[in-house]
Amino acid sequence: MPPSSSRTPAKPSGLDCRLAVLGSDVRLTPHRREVFDVLAGSTDHPTAYEILDRVKSRSPHISLATVYNCLDHLTSAGLIKLVHLERGQSRYCANLHEHVHFHCETCGKVIDAHPNADFDPAKFWNLPKGTRVTRTDLAIHGTCDACAAK
């Protein structure tokens, strides 16, 4: 008698779910999955070099160029966000919910800050008449609680 085929299907990854919601047709190479998984499990907004260090434990032969290519594809498909903080290295964020970034000027930590209530940037900011907001890229600078306590 053949074995039962009633195995539980594999749980889709965060990337698979995000692709389904966004309707993206990005080809999911193993390296792109690895890079996305590292970002999805990170809250520290890593740089490409930090992502390379984290992915290398799982894919020892991956190069920095491949990491950058993966980040470019994931960003252009809208699956992750590119975070610019002044003149520092670009950082990456898998959190696609509306939020801003708090940047501690003492230790360099970057923390997601979510609005306390529904937030409509077009109502909050005095924007030119007739404009439509498609996304916001905002960083708030200061000192985190750990640095302030020192």
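A residue is called buried here when its relative accessible area is under 20%, exposed when that area is over 50%, and partly exposed in between. Keep that in mind for the views below, which all come from a predicted model.

**View 1. The whole chain, end to end.** Let's start with the full picture: the protein has six helices and five strands. Reading from the N terminus, the elements go α-α-α-α-β-β-β-β-α-β-α. Of the 150 residues in the protein, 31% are buried.

**View 2. A three-stranded open sheet.** Here the strands line up in the order E4-E3-E5, with mixed pairing. Strands E4 (110-113) and E5 (139-142) sit at the edges with a single partner strand each, so one side of each has no neighbour in the sheet. From one strand to the next, the twist averages 30 degrees.

**View 3. Zooming in on E3 and E4.** Strand E3 covers residues 100-104, and four bridges tie it to E4. The two strands run antiparallel. Looking for a spot to get your bearings? Try Val 100, whose bridge partner in E4 is Ala 113.

**View 4. A nonpolar patch on the surface.** Seven side chains' worth of names to find here: Phe 119, Phe 124, Trp 125, Leu 127, Val 133, Leu 138 and Ile 140 make a nonpolar surface patch of about 610 Å². Take Leu 138, which lies in the loop between helix H5 (121-124) and strand E5. Is Leu 138 buried, partly exposed or exposed? Its relative accessible area is 35%, so Leu 138 counts as partly exposed, since that value falls between the 20% and 50% cut-offs.

**View 5. Thr 136, in the loop between H5 and E5.** This view stays in the loop between H5 and E5, now with Thr 136 at the centre. Thr 136 has a relative accessibility of 18%, so it counts as buried. Now look for Glu 98: Thr 136 and Glu 98 are 38 residues apart in sequence, while their C-alpha atoms are 7.9 Å apart in space.

**View 6. Thr 29, between two helices.** For the last stop, we go to the loop between helix H1 (14-22) and helix H2 (30-40), where Thr 29 is found. With a relative accessible area of 17%, Thr 29 is buried. What does the side chain of Thr 29 reach? It reaches the backbone nitrogen of Arg 32, at 3.1 Å.

How values were computed. Residues numbered from 1 in each chain as written. Predicted model: local features only at pLDDT ≥ 70, side-chain atom pairs only at ≥ 80, totals over all residues. Heavy atoms only, no water. Pairing = 2+ DSSP bridges. Axes fitted to C-alpha atoms, helices over the stretch in contact; angles between N-to-C directions. Patch = residues over 30% accessible without salt bridge, like charges linked within 9 Å, V, L, I, M, F, W, Y side chains within 5 Å. Areas by Shrake-Rupley, 256 points an atom, 1.4 Å probe, with all protein chains shown as cover. Salt bridge = Lys/Arg side-chain N within 4 Å of Asp/Glu carboxyl O. Buried < 20%, exposed > 50% of the residue type's maximum accessible area, 1.4 Å probe, protein only. Polar contact = N/O pair within 3.5 Å; in protein donor to acceptor, adjacent residues only side chain to side chain.
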